[in-house]
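Here are my notes after going through the model you sent over. I have kept them as numbered points so you can check each one against the coordinates.

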Amino acid sequence: MFVSFFPRPKLFFWSALIWTALSMALWYGYAEGLVAPSGTIGVALFWSAQQLWFDLYFAISVAIFAGFWMAFSPHRWAGWSILGSALILFTSYFQVQVSVAINSWYGPFYDLVQAALSKSRPVTIEQFYAELSTFAGIALIAVVVGVLTRFFVSHYIFRWRTAMNEFYVENWPRLRTIEGASQRVQEDTMRFATTVEGLGVNLISAVLTLLAFLPVLLRLSSSITELPLIGAIPDPLVFAAIAWSILGTGALALIGIRLPGIEFFNQRVEAAYRKELVLGEDDFTHADPPTLDTLFVNIRRNYFRLYLNFLYFNVGRIVYLQTDVIFPYILLGPTIVAGKITLGAMNQILNAFTQVRQSFQYLVNAWSTIVELISIYQRLRGFEAKIQGDPLPPIEAETEPQSL
């Protein structure tokens, strides 16, 4: 799964984490302070002196890391796996910066709206549309970068699938006897690359969002000193975001603990049914109605088990996410009623709180995808074990339950 695309995966990923940590420490501890922040709002933020300095710093860090690995452990796919991953990481950072730019725009725009509605100061139509044009500029850049990023990511995923496909085809004589071998090569490789890329990008975005918005939330919420029912505590909104996210993540992980195994069995029974149909295309002794009926009963039983477990999971997930919508308003209720903040400040706080909260809720939002990835990984792990001559994972020998 990884050795086909990345050079010496275990060492590579550990070195990537260490190099990233060192680069971030150097940036936040020294390099960032070499160029003063511009304090601009709008599209000018993206080509400010500090932003361009960060872009150069990032490029130099990537060039050093990639140059070392290409010399230390040459790999056919190093250009895509190393430089491509770095580009995806950079675009994730850029999208977080777009969110920061929009959050900065919220303050003056909603304060302008509040002034216009309350007649507290004169507001012209030119000022109003000027603020909207600022947002339009930010959104236009975000759209262009987003479209180009998705185009690149599509090619990145297919290159990863190509690498896995070539690796498994080379070892096909040893793999062909494994249940659903054709499906694992033809379908699971693409699903694995797509899912890992999606989850990885979302995880990186969550971490970068935390780094970007935690200081913003701390600064904006300085006037909020206590929480309902809890009272006065240090940094109350940050504490509430962390506690609420941990509660949701733990509860949903517990409710959905059986889903990965059920999804694995689901792929197994589907593969058995598909194989019988394919064999029946050329051999009349296969795919007779009684055999197909038996195989389809297995599919139906497993799907019904999957639906039942997702019922429990979705009840908990939907209740949590619906409560999540009003949760920040509950926290800000006393402050809003007391009139301690303006409309612009309130929207900035709500947006920053949402960004921080959703970053901590990574597992909540990604759990269904993680379930799918675990099942795909377990299937491909059987291939890895067969190639290496290791015993197959225990789940390969398990039989699916005969009842819901």
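**Notes on helix packing and selected residues**

1. Let me start with the pair I looked at before anything else: α3 and α10 are roughly antiparallel to each other, a label used for angles over 145 degrees (under 35 is roughly parallel, 65 to 115 roughly perpendicular, and the rest oblique). The angle between α3 and helix α10 (residues 343–360) is about 155 degrees, and their axes are 6 Å apart. Axes here are lines fitted to C-alpha atoms, for helices over the stretch in contact, with angles running from 0 to 180 degrees between N-to-C directions. The α3/α10 crossing is right-handed, that is, the near helix is turned clockwise from the far one by less than a right angle (anticlockwise would be left-handed). On the α3 side the contact includes Ser 99, Asn 103, Tyr 106, Gly 107 and Tyr 110, and on the α10 side it includes Leu 343, Gly 344, Asn 347, Gln 348 and Asn 351, where contact means heavy atoms within 4.5 Å. By type, the residues of this contact are five nonpolar, ten polar and one charged; Ala, Val, Leu, Ile, Met, Phe, Trp, Tyr, Cys and Pro count as nonpolar, Asp, Glu, Lys and Arg as charged, and the others, Gly among them, as polar.

2. A word on provenance. This is a predicted model, in which local features need pLDDT of at least 70 and side-chain atom pairs count only at pLDDT 80 or more, while totals for chains, interfaces and linings use all residues. Residues are numbered from 1 along each chain as its sequence is written, and side-chain values use heavy atoms, with hydrogens and water left out.

3. Overall layout. The chain has eleven helices and two strands, in the order α-α-α-α-α-α-β-β-α-α-α-α-α from the N terminus. These elements are DSSP runs numbered from the N terminus (helices are H or I with at least four residues, strands E with at least two). Along the principal axes, the C-alpha atoms fill a box of roughly 85 × 55 × 40 Å. Of the 404 residues, 42% are buried, meaning under 20% relative accessible area (exposed is over 50%, partly exposed in between; 1.4 Å probe, protein chains only). Among contacts between residues at least 6 apart in sequence, 78% join residues at least 24 apart.

4. Back to α3, this time with another partner. The axes of α3 (residues 78–118) and α4 (residues 125–170) come within 10 Å and cross at roughly 165 degrees. That makes α3 roughly antiparallel to α4. Here the crossing is left-handed. The residues of this contact divide into 22 nonpolar, ten polar and two charged.

5. Helix lengths, as a sanity check. With 46 residues, α4 reaches 67 Å from its first C-alpha to its last, close to the 68 Å expected at 1.5 Å a residue; the expected span is 1.5 Å times one less than the number of residues. Buried residues of α4 include Gly 146, Tyr 156, Trp 160 and Tyr 168. For α7 (residues 236–255), the 20 residues should span 28 Å, and the end C-alpha atoms are 29 Å apart, which agrees. Among the buried residues of α7 are Pro 236, Trp 244, Gly 248 and Leu 252.

6. Three buried residues in α9 (residues 289–337) deserve a look. Asp 324 lies in that helix and counts as buried at 5% relative accessibility. Leaving aside neighbours within four places in sequence, Asp 324 is in contact with Trp 244, Arg 357 and Gln 361. Pro 328, also in α9, is buried at 6% and touches Leu 350, Phe 353 and Arg 357, not counting residues up to four places away. Phe 313 of α9 has 0% relative accessibility and so counts as buried. With the same exclusion, its contacts include Leu 252, Ile 255 and Trp 367.

7. Which residue has a positive phi although it is not a glycine? Arg 8, at about 45 degrees. Most residues other than glycine have a negative phi. Arg 8 sits in the segment before α1 (9–29) and is partly exposed, with a relative accessible area of 47%.
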